[in-house]
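Colleague: I've got a model open and I'd like to learn how to read it. Could you walk me through it, one feature at a time?

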Amino acid sequence: MPFLTRLLPSFLASWLLTFTLASLFHSQYVVNQLVNVGIEISFSDRVNLTLDDWLGLLPTYGAIIAVALALAFLVTGLLYRKHPKYGIQLFVIAGVTAFAIALVAIESIMNITIIAGARGWGFYTQLIAGAVGGYVFAMLAKNYISKDDRC
């Protein structure tokens, strides 16, 4: 039961924040690209687009992010046992790596960038979302993945 009561809530909170940031970064990247070509977009349109994107991306991109982070955090948990003093850094790197691999894999498989906000400099904002997710997971789960209480 340690997983369900300790790590799962930490993972879910981390995933939700990570997905929300990734969706927000995606939406604002797309809006900024439209503004760059001369289209005027009001603040309320930005907000509506951001909320619509969050809901629209949740079943697909949200699931991809959940799987990528789960695999990355699982592997990192094993590394953490050998290097506990680098826990936060390991999980931040895991979050970045999860996003990089997922986005590159999707592009390689489909031969298109399906997350428009991951093009150009938007790719790096997606990696920032992954880094934040790794950091949040490390902070929330640090008491449960400590050296003495391995799960």
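Modeller: Let's settle one bit of vocabulary before anything else: Ala, Val, Leu, Ile, Met, Phe, Trp, Tyr, Cys and Pro count as nonpolar, Asp, Glu, Lys and Arg as charged, and the others, Gly among them, as polar. Keep in mind too that this is a predicted model.

Colleague: Noted. Where do I put those classes to use?

Modeller: On the second largest pocket. Its lining has eleven nonpolar, two polar and no charged residues.

Colleague: How many residues line the second largest pocket, and which lie nearest its centre?

Modeller: The lining counts 13 residues, and Ala68, Ala72, Thr97, Ala98 and Ile101 are the ones nearest the centre. As for volume, the second largest pocket comes to about 220 Å³.

Colleague: Which helix gives the most to that lining?

Modeller: Helix 3 does, with seven residues. Helix 2 (43-82) and helix 3 (87-110) each put at least two residues into the lining.

Colleague: Let me zoom out for a second. How many helices and strands are there in the protein chain?

Modeller: Four helices and zero strands, so reading from the N terminus you get α-α-α-α. Along the principal axes, the C-alpha atoms fill a box of roughly 60 × 30 × 25 Å. Of the 151 residues in the protein chain, 36% are buried. And among contacts with a separation of 6 or more, 74% are between residues 24 or more positions apart.

Colleague: Back to empty space, then. How do you find it in a model?

Modeller: Rolling a probe the size of a water molecule over the atoms shows where empty space is left. Here the count is one cavity of 30 Å³ or more, and the largest cavity has a volume of about 30 Å³.

Colleague: Which residues line the largest cavity?

Modeller: Tyr61, Ile64, Ile65, Ala68, Phe99, Ala102 and Leu103. By class that is seven nonpolar, no polar and no charged residues. Helix 2 and helix 3 each supply at least two of them, with the largest share, four residues, coming from helix 2. You may recognise Ala68, which is also listed nearest the centre of the second largest pocket.

Colleague: There are plenty of rings in that list. What describes a pair of aromatic rings?

Modeller: The distance of the centres and the angle of the planes describe it. The count here comes to ten aromatic pairs. Take tryptophan 15 and phenylalanine 19: their ring centres are 6.1 Å apart with the planes at 15°, so this pair is stacked. Both sit in helix 1, four residues apart, about one turn of the helix. Tryptophan 15 is buried, with a relative accessible area of 17%, and phenylalanine 19 counts as buried at 0%.

Colleague: And what about tyrosine 61 and phenylalanine 99: what form does that pair take?

Modeller: That one is edge-to-face, with 6.5 Å centre to centre and 90° between the planes. The pair links distant parts of the chain, with tyrosine 61 in helix 2 and phenylalanine 99 in helix 3, 38 residues apart. Both are buried, and both line the largest cavity.

Colleague: Which rings form an aromatic cluster?

Modeller: Phe11, Phe73, Tyr80, Phe91 and Phe137 form one.

Colleague: Now single residues. Is serine 14 buried or exposed?

Modeller: Burial is a matter of relative accessible area, and under 20% means buried. Serine 14 has 0%, so it is buried. This serine lies in helix 1 (residues 2-36). Leaving aside neighbours within four places in sequence, serine 14 is in contact with Phe73, Gly133, Val136 and Phe137. Two of those names, Phe73 and Phe137, belong to the aromatic cluster.

Colleague: Let me try threonine 125. Why does threonine 125 count as buried?

Modeller: Because its relative accessibility is 13%, and the cut-off for buried is under 20%. Threonine 125 is found in helix 4 (residues 122-141). A polar atom of its side chain lies 2.6 Å from the backbone oxygen of glycine 122. Beyond neighbours within four places in sequence, threonine 125 is in contact with Phe25 and Gly117.

Definitions and conventions: Residues numbered from 1 in each chain as written. Predicted model: local features only at pLDDT ≥ 70, side-chain atom pairs only at ≥ 80, totals over all residues. Heavy atoms only, no water. Buried < 20%, exposed > 50% of the residue type's maximum accessible area, 1.4 Å probe, protein only. Contact = heavy atoms within 4.5 Å. 1 Å grid on protein atoms, 1.4 Å probe; cavity = no way out; pocket = protein on both sides within 12 Å on 5 of 7 lines; lining within 4 Å. Points joined across faces, edges and corners; volume = space filled by probe spheres on them. Polar contact = N/O pair within 3.5 Å; in protein donor to acceptor, adjacent residues only side chain to side chain. Phe/Tyr/Trp six-rings, centres within 6.5 Å; stacked < 30°, edge-to-face > 60°.
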